[in-house]
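Work through the exercises below with the sequence and the model side by side, and try each task before you read its solution.

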Amino acid sequence: MIFSSKLVEDAVQEFSRLPGIGKKTALRLVLQLLKLHESEVDQFTGAISRMRHEVKFCKECHNVSDSEICGICVNRSRNHSQVCVVETIRDVIAIESTQQYNGLYHVLGGILSPLDGIGPEQLNIATLQNRVKTNEISEIIMALSPTIEGDTTVYFIARQLKDVPVTITTIARGISFGGELEYADEMTLARSIAKRLPIDNYVNVSGK
Ligand SMILES: [Zn+2]
């Protein structure tokens with residue numbers, strides 16, 4: 001692509017860093033921004049810049065937040081005895097969108113994947129253990145990907161918590177959602193949360 005303006009070229013270059021945005025799409029977005037009033041562009045860039053500088057991660061659940069503790073964790077009308085364990089912040093958003101879950105979350109930041117160098121230390125597993133031990137949590141709902149890595153992570157966490165009096169369940173599987181939670185439609189996701197199963201039906205945690 002040959003540009004008559006280095007300024008436009010730089011902006012296109014920045015947009016094309018984003019996933020799923022090729023040079024052509026980037027150019028379309030940049031030309032669209034050129035049509036906006038300067039103040040509107042300032043508003044656009046300001047929102048992105050503020051978000052990047054000021055966003056925090058909740059000290060309890062690792063979800064994105066505008067304060068030290070996120071709005072879900074501080075909400076006393078939610079069920080604080082239930083914690084749903086997910087891989088990413090996108091999963092929290094997907095489950096919240098179903099409006100069928102009223103407990104808390106714990107964002108792991110991924111799943112165990114030794115081949116990619118992701119072990120327990122790279123994930124928020126220690127803080128989960130700590131939360132379960134120091135709070136009155138009666139149920140942990142595992143909502144991880146139905147993959148070997150997801151299953152390994154569920155098994156690992158269950159082993160870590162085997163001496164803690166907490167019920168561990170997994171969301172129902174085998175319904176028409178593949179791969180990642182965030183791609184499940186809201187009805188399917190809501191149903192899989194409602195029809196969760198005790199982990200004992202799923203992996204032999206006790207090793208018997
Ligand atoms: Zn939180």
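**Exercise 1.** Find the bridge partner of Ile140 in strand 6, and then place that pair within its strands.

Solution. In strand 6 the bridge partner of Ile140 is Ile168, where strands are DSSP runs of E with at least two residues and helices are runs of H or I with at least four, both numbered from the N terminus. Strand 5 and strand 6 (residues 167–170) run parallel and are joined by four bridges; two strands count as paired if DSSP finds at least two bridges between them. This is a predicted model, in which local features need pLDDT of at least 70 and side-chain atom pairs count only at pLDDT 80 or more, while totals for chains, interfaces and linings use all residues. Residues are numbered from 1 along each chain as its sequence is written.

**Exercise 2.** Trace how strand 3 is paired, and identify which residues stand opposite Val83.

Solution. Begin with strand 5: strand 3 (residues 79–86) pairs with strand 5 (residues 139–142) in the parallel sense over four bridges, with Gln82 opposite Glu139 and Val83 opposite Ile140. Next take strand 4, which runs parallel to strand 3 and is joined to it by five bridges; here Val83 stands opposite Leu104.

**Exercise 3.** Set out the order of the strands in the open sheet, and name its edges.

Solution. The open sheet has five strands in the order 4-3-5-6-7, with mixed pairing. Strand 4 (103–107) and strand 7 (197–198) are the edge strands, since each pairs on one side only. Two right-handed β-α-β units can then be followed along the chain, one made of strand 3, helix 5 and strand 4, the other of strand 5, helix 7 and strand 6; a crossover is right-handed if, with the strands pointing away from the viewer, the path from the first strand over the helix to the second runs clockwise.

**Exercise 4.** Describe the largest nonpolar core, and state which element gives the most to it.

Solution. A nonpolar core is a set of buried Ala, Val, Leu, Ile, Met, Phe, Trp, Tyr and Cys residues joined through C-beta atoms within 7 Å. The largest has 35 residues, and those with the most contacts inside it include Cys84, Tyr105, Ile140 and Met142. Among the elements that give two or more residues to this core are helix 5 (89–98), helix 6 (126–134) and helix 7 (148–160), but strand 3 gives the most, with four residues. Leaving aside neighbours within four places in sequence, Met142 is in contact (C-beta atoms, placed from the backbone, within 7 Å) with Val85, Val154, Ile168, Thr169 and Thr170.

**Exercise 5.** Is Leu29 buried, exposed or partly exposed, and why?

Solution. Leu29 lies in helix 2 (residues 23–35). A residue is buried if 20 or more other C-beta atoms, placed from the backbone, lie within 10 Å of its own, exposed if 12 or fewer, and partly exposed in between. Leu29 therefore counts as partly exposed, because it has 16 C-beta neighbours inside 10 Å.

**Exercise 6.** Judge how confident the predictor is, and where the pLDDT is below 50.

Solution. The protein averages a pLDDT (the predictor's confidence in each residue, from 0 to 100) of 88, and 90% of the residues score at least 70. Over residues 175–179, however, the pLDDT is below 50.

Definitions and conventions
Contact = placed C-beta atoms within 7 Å.
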